[in-house]
Amino acid sequence: MRKTQLSCAIVAALASTSLAAQESEAPAKLETIEVTATKRTESIQDVPVAVSALNGKALENLGIDNFQDYVEFLPNVVFQGTGPGQNEIYIRGAATTQSNIMLSSVQALQPSVAFYLDEMPVSMAGRNLDVYATDVQRVEVLPGPQGTLFGASSQAGTIRLITNKPQHDVFSAGFDTNIAFTKDGEMSNAVEAYFNMPLSDNLAVRVAAYNDKQGGWIDNVRNVPGEGGYIGSAVVIDRISGGPLADPVGMDANRITNPNISSKSEAAVVSPQNDALVEEDFNDATYTGARFGLSYIINEDWDLLVQHTQQTLDTEGVFAYDPTIDGETSALRFQPDENKDEFGLTTWTLEGRLEKLDVVYTGGYLDREIDTLADYTGYTNGGLFSAYYVCNHYDTPDNAADERCLDPTKFYKEDTSSTRTTHELRFNTTMDTPWRITAGLFYDEQEVATVGQFKIANTEMSTFGFDNLQRTLVGNEGINSDGGPFPSEVSFINDITHTIEQIAVFGQLEYDITDTITASIGARWYEIDDIYVGSTSTVDVTRRIRAFGTLDPDELAAVGLDPVAVNAAIDSGQLEVDLLDDNGVLTVDDTIFKYSIDWKVNDDVLLFANYSEGFRPPVTNRVGGGLATNQSGKFENFRIPVYSTTDTLDNYELGLKGDFFDGQFRVNATAYYSEIEELQTSRFDPTNISFLVFTDNVGDAEIKGIDADMTWLATDDLVINAAFSILDTELTRINEELEGIAAGVGSELPYSAKFSGNINARYFFELEGDKRGYVNGSVSYTGDRFAGMIMDAYVMEDATALVYGRTSGLKIEEEASVYEGVTYTDSNGEVFRGGRYVQESYVLANLAVGVTNDVWKAELYIDNVFDERATLNIDTQQFTPKVVTNRPRTIGLRFSYDYY
C-alpha cells in the first residue's frame, strides 16, 4: 500500500525503475513490470517508447512520504503550483506561465500533460485532480507526445495511476499508519486500510479507505509595517491606475512608518491589519476518501469492473512564505484562505473476446466541486482600477492634501462545479501474425461551471456605492447563479460555463519486418467543440463571443465594440474568428500521427526511434477582441485575441532499453528533440489592458534533451538506482505583440532545470528469525529554473520595495535593457529592465531504516535530512513575489500490516 498523494507516486515512478530481488538460489535479477502504456499489456523493457513505471511495492520501498519530497525525485517532470490541489504538471520542459489559480476555471487553458486514473482522463488546467494514491498497483509515466492513443491533453506526456482491482482467488486485508513531526511545525498522521473479498466464484469486491492529516509549518504572522510587513504604497497604486492621484509620493511619506503618524486614521495610506488571523502552522491539508471496486466474471470470455472513488481535500492557509519577512516560514494574509475540493468518480470497464479480437469498452463519470476563499489583497498592487477601488480622490477634487488610500483588504470566493463523461471502445488483434492492430473510438465531454466573486472595493467609500454595491450580471445565458444581486461587498463577478466536446478515432498498426525489427504507425483524427458562455458583472460573454461568430454590426455594437474597427482588425489579420460559428462555438479538427521503428538486438537490448505529434486545442477568451485601455507604447492598437490558436509539438526521439551483466544492471535512456509552434501561455496584466486574464500564443520553441535511469543490483542485498534529465530549451520565435514583454528569442522556457538528477540506495540485512532490516537513502538535485515567461521581475521587485519597505532578495536574471510591459518608470524615474525571477538550485536528502517480515513492517524515517528550504515556485500571481517551499525536516514512524 501507499501512503501519499498521487503527485508523490508520480514523482517516484519517474525517479527510478522497479526493483526486486528473486528469492531463489539463482543469481538475483531486476524485476520487470508489465505496463499498458500502448493500450496492450507488455513488459516495460519491450515497449518501444520511453516509459517509467513502479509497482506498489517499489513505491513503498522508496521511503518517501509526502508531496514535496516526491516532486524532487522526478528528473524530467515538474509539479508547479501553490499547494495541494493547485498544481500543474509539465514534462520535458514544455512549460509556459502557469494559469492563475484564482482564474484558471474561467481561463480555460488546457493542460499539456494528460493525467489518468486507471482508464479515465481527469486533467484540469491549474487544478489537476489531486487523487490520494492509496492501494496502488503501479504508476506509469510516458514522456513525450502520446496524442494518438491518449488525446488532446497528452501533448507533452501522459501519467497513469493504476489502482489495485478486486481479486477472485484470495481474501486479503491490511492497514498502514504513519505519524510524523515537522521541525517548527505541527504533527501529521495518516491511516489507510483495505480489504479484498471474493463473494462467489464470479464476484469479488475490494475496498480501500484513508484519512491523512498533514500538519502545517507556515505561520500567518502579525503585520508589522516597517519590519518587512505590508505598508502599502500610493506610488504603486497611482502608476498602475493611470496616474489619478495628485501627490502619491507625498502620501507615501505620510504612512504609518512615519514617526509622526501614530494611528491609521492619520495615515495617508492605510496599512491592513490581520491581528485576528495570526496563527502558527496554519497551512493544514487533510485527505479523506474511499474507493470501492466490484469485479464480475460474466463467463470465460467476458468480465466487468465497476469502481467508485470518493474524496475530499480540505486545505487551510497558504503554502508559500513572504520573502520580505525574516525566516522562511512566515506569511502575511489578511483574509482566511480555505479550499475544499471534493470529487466522486465512477468508472466501468467491460473486457472480452470476439474471435481474434480483444475488446474493451470503458467509460467514466467525474463530478467535482471546488469551494475556495482566498485573500485577494494583492490586487491592490497590480489591478488597473486599484485607485478607483481604495482611494478617495474622487471625494476630494479640490483639496489634494486630503487624499487617502484606505484599507486594501480584499477576498476572492469561488464555487466551481466540473463534470466529465468519457466513453472509449477499442479493439486489439490477437492473431499469430506479423502484424497487430489497436483501434478505437473515443468520446469526451467536459463542463466547468464557475461563479467567482471578488471583494475589491473598500466598503467605507460611498461615492460609487461601494458600501452597498448589489452587483448583477449583464447577461443570463449560460450562467450558473440567479444573476444577482450579489452580496453588497462584492465588486466584480465571473459566472462562466465552459464545455469541451471531443470525438476521436484512433489506431495503431505494428508490423514485424523481421524477427527482430518492428515498424509501427499510429494516427488519431479528432474534432473538438469549445463552447464558452456566461456573463460577468460588466460583459455579456455569451453575446460577445456570438457577435464575433456572426460579425453582425448591431450585435458588435451592442456589446460595446466598434464594428468597423473590429472588421478592420480581422481583415489585417490582427484578429482571427474563422473557427467560430454563428452560435459562437469554436470548432477545430485535425489528424495527428506517430511513426516508430524498433530493433530487438537480443533478448536484453532494445533500440527504438519515434516521431510523434501532440497538440492543445484553441482556447476561447472571455473578453476577446477588446482594445487595450492603455494605447501607448507596446499596447497601441493592441487587441486581446478572440481565442488562442492551437499549439503543436513535434517530437523526435532515439531510445535504448537494456539489461546487462546477467540482469544485474539496467539502463533505459532516451534522447529527444521537440519543436513547439504557437506555444500557448497565460497572461494576466490588468495594468495596461482591459481584462483580467486571457490566453495568448507566445511563439515557437525547441527542446533538446536526454532522459536516463539506471539500476544496479550491486549485491543480493544492495540496490542502487539513479536517474537524470538534461534539458536545453529555447524560444526560437516571439510573436510581435509579446516582443519586449515575454522573454526573447534564445531564452529558456520556465520551470525546468538544465540538469536534474537523483540517486537512491537500499541495503538489506538479515535479523533473527524471519525478520530482515533495511536502510534506504536518497539524494536529489534540481538546478536553477526561471519563473514564468514574462520579464516583469524588476517591476514586481520595485513594487515590493514600495509596498513592504524592503525587497524580496530573490535572484533575478536580466534579459532585456527595457521591459515594454508597462509604460511607467520605476521609483527612481528609470526605465524598467526586463528580467525573470530565478528559482535557485537545491539538494534534498532522505533517510529511512526499517524492519519487516513481509507481513508487517516498521520504519523510522527522516525526510529532508539537512533541513533544506527549497524554492519550489516563485508565485507572482499576487503582483509581489511569494515563495512556495518544501516541508522542513520531518521525522516519522510508519507501521503496516498485511494479511493474505
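Me: In the protein chain, what share of contacts between residues at least 6 apart in sequence joins residues at least 24 apart?
Reply: The share is 72%. This is a predicted model. Contact here means heavy atoms within 4.5 Å.

Me: What makes the protein chain as compact as a globular protein of that length?
Reply: Start with the inventory: the chain has 12 helices and 45 strands. Its radius of gyration is 28 Å, and the globule rule gives 29 Å for 900 residues. The two values are close, so the chain is as compact as a globular protein of that length. The C-alpha atoms fill a box of roughly 95 × 65 × 50 Å along the principal axes.

Me: How much of the protein chain is buried?
Reply: Buried residues are 62% of the 900. The cut-off is under 20% relative accessible area. The exposed surface comes to about 32400 Å², with 53% of it from carbon and sulfur atoms.

Me: Why is Thr349 called buried?
Reply: Its relative accessible area is 13%. Buried means under 20%, so Thr349 qualifies. Thr349 belongs to strand β20, residues 338-354.

Me: Which residues is Thr349 in contact with, leaving aside neighbours within four places in sequence?
Reply: The list is Glu119, Asp303, Leu304, Leu305, Val360, Tyr361 and Thr362.

Me: What makes the link between the side chains of Thr349 and Thr362 a polar contact?
Reply: The distance is 3.2 Å. The limit for a pair of N or O atoms is 3.5 Å, so the pair falls within it.

Me: How do you know that Phe464 and Phe466 form an aromatic pair, and why is it called tilted?
Reply: Ring centres must lie within 6.5 Å. By this rule the count comes to 33 aromatic pairs. For Phe464 and Phe466 the centres are 5.9 Å apart and the planes meet at 40°. Stacked needs under 30 degrees and edge-to-face over 60, so 40° counts as tilted.

Me: Phe464 and Phe466: which is buried and which is partly exposed?
Reply: Phe464 has a relative accessible area of 36%, so it is partly exposed. Phe466 has 1%, so it is buried.

Me: Why is the pair of Tyr526 and Phe615 called stacked?
Reply: The planes are 5° apart and the centres 4.0 Å apart. Under 30 degrees counts as stacked, so this pair is stacked. The pair links distant parts of the chain: Tyr526 in strand β25 (residues 517-536) and Phe615 in strand β27 (residues 605-616), 89 residues apart. Both Tyr526 and Phe615 are buried.

Me: Which residues do ring pairs link into a cluster?
Reply: Tyr376, Tyr379, Tyr388, Tyr389, Tyr394, Tyr412, Phe454, Phe464, Phe466 and Phe492.

Me: How do you know that the charged end of Arg92 sits over the ring of Tyr672?
Reply: The distance to the ring centre is 3.9 Å. The distance limit is 6 Å, alongside an angle test. Arg833 lies over the face of Tyr794, at 4.1 Å from the ring centre.

Me: What makes helix α9 (residues 541-550) mostly covered?
Reply: Seven of its 10 residues are buried. They are Val541, Thr542, Arg544, Ile545, Ala547, Phe548 and Gly549. The cover includes β24, β25, α10, α11 and β28.

Me: How do you know that Asp540 caps the N-terminal end of α9?
Reply: A side-chain oxygen of Asp540 lies 3.4 Å from the backbone nitrogen of Thr542. The limit is 3.5 Å, so the contact counts. Just after α9, Leu551 has a positive phi of about 55°.

Key. Residues numbered from 1 in each chain as written. Predicted model: local features only at pLDDT ≥ 70, side-chain atom pairs only at ≥ 80, totals over all residues. Heavy atoms only, no water. Helix = DSSP H or I, 4+ residues; strand = E, 2+ residues; numbered from the N terminus. Buried < 20%, exposed > 50% of the residue type's maximum accessible area, 1.4 Å probe, protein only. Polar contact = N/O pair within 3.5 Å; in protein donor to acceptor, adjacent residues only side chain to side chain. Phe/Tyr/Trp six-rings, centres within 6.5 Å; stacked < 30°, edge-to-face > 60°. Lys NZ or Arg CZ within 6 Å of the ring centre and 35° of its normal. Rg over C-alpha atoms; globule rule 2.2 N^0.38 Å. Areas by Shrake-Rupley, 256 points an atom, 1.4 Å probe, with all protein chains shown as cover.
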